[in-house]
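Work through the exercises below with the structure in view. Try each task before reading its solution.

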Amino acid sequence: MAMNQQETDEKYMRRCLQLAANGRQNAKPNPMVGAVIVLPASSQTGKDRILGEGYHIRCGEGHAEVNAFASVSAADEPLLNQATIYVSLEPCSHYGKTPPCADLIVRKGIRRCVVGCVDPFAEVQGRGIRKLRDAGIEVTVGVLEKECRFLNRRFLTFHREHRPFIILKWAQSADGYIDKDFQPVQISNTQTQLLSHKLRAEEDAILVGRTTYDRDHPQLNIRHWSGTDPKRIVLTHDRPLPQLIEDLYLQGIQSLIVEGGAKTHQSFIDAGWWDEIRVETAPVILGNGTRAVRILADCHLVSQQQYGQNTLAVYVRSC
């Protein structure tokens, strides 16, 4: 059965999201964006054909649309005036390190543009879409918008709320303790340690409280993964959270992992500064020590995976 237009649009937007995710480490501080150029089915061909695709590989280099057009063969260039370009985030309309992608789309003669979500960046915010429409290009906005916004939740939070995207993270025993008799204890296993270091490589900064730093001497690096170490921060009693959050924003820090301890986690929760909570639970009973903070009533479980005998649960704020 042939797909209708909405199903077709969602199919190629999913491909945009797959491509965009490849830029997770190197695109920042820019957002992750994927683009696919499609020649719609005709009575002659009977099926769609992808002419080109690309993603934003690295900050300062070509955007997703530029790379997608660059992948189109010379033989297919004349077909662009019949084609649709799918982009997971609104094409930029301003001159930055690269020229405006909206201008490129117009210049290439594209017939239709499908956009996942509007860019909240102050210099875009609908201007790219307006530029395309003013040029006579048909524009559809909001295809898989929730998924597109989720992919770039760090970038969106930073520009919308003027603060980093904040992840609270801890490992606990089955009876809810993060240490044994107030002394460090190994709760994570080899698999979850790798995942923790992968997460560190993907985020901009990592924070622990002074007590955790003095007692555990954490390295807070990515020695079990590849990439760049996050900025390391130790929270002291004389540095108020509002000042810290403002400082991180002014430094361009888009994401922050808060690894503990419990008092530090609670201080972020009390201030309402959190976006995601990651809890690893091991099937061990410690019986005494520092209790982990309780999962909030307004948390929504989005995933739960088993790694060996440990369970990793990820929560976000309920809508």
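**Exercise 1.** In β12, which residue is the bridge partner of Glu 276?

Solution. The model is predicted: local features need pLDDT of at least 70, side-chain atom pairs count only at pLDDT 80 or more, and totals for chains, interfaces and linings use all residues. Residues are numbered from 1 along each chain as its sequence is written, and side-chain values use heavy atoms, with hydrogens and water left out.

- Step 1. Find the strands (DSSP runs of E, at least two residues, numbered from the N terminus). β10 covers residues 276-282, and β12 covers residues 310-317.
- Step 2. Check the pairing (at least two bridges found by DSSP between two strands). β10 and β12 pair in the antiparallel sense over 6 bridges.
- Step 3. Read off the partner. Glu 276 is bridged to Val 316 in β12.

**Exercise 2.** Give the strand order of the open sheet, and explain why β8 and β11 each have one side without a neighbour in the sheet.

Solution.

- Step 1. List the 7 strands: β8-β7-β9-β6-β10-β12-β11, with mixed pairing.
- Step 2. Look at the edges. β8 (231-235) and β11 (299-307) each have a single partner strand, so one side of each lacks a neighbour in the sheet.
- Step 3. Add the twist. Neighbouring strands are turned by 20° against each other on average, direction ignored. Axes here are lines fitted to C-alpha atoms, for helices over the stretch in contact, and angles run from 0 to 180 degrees between N-to-C directions.

**Exercise 3.** Which strands does helix α6 lie across, and which does helix α9 touch?

Solution.

- Step 1. Set the terms. Helices are DSSP runs of H or I, at least four residues; contact means heavy atoms within 4.5 Å.
- Step 2. α6 (residues 153-161) lies across β6 (165-173), β9 (255-260) and β10, at about 125° to β6.
- Step 3. α9 (residues 241-250) packs on the sheet and touches β6, β7 (205-209), β8 and β9. The direction of α9 makes about 170° with that of β8.

**Exercise 4.** What lines the second largest cavity?

Solution.

- Step 1. Define the space. A cavity is a set of points on a 1 Å grid over the protein atoms alone where a 1.4 Å probe fits but cannot get out; lining residues have an atom within 4 Å of a point.
- Step 2. The second largest cavity has a volume (space filled by probe spheres set on the points) of about 90 Å³.
- Step 3. Its lining includes Lys 169, Trp 170, Arg 278 and Glu 280. The largest share, 4 residues, comes from α7.

Conventions: 1 Å grid on protein atoms, 1.4 Å probe; cavity = no way out; pocket = protein on both sides within 12 Å on 5 of 7 lines; lining within 4 Å.
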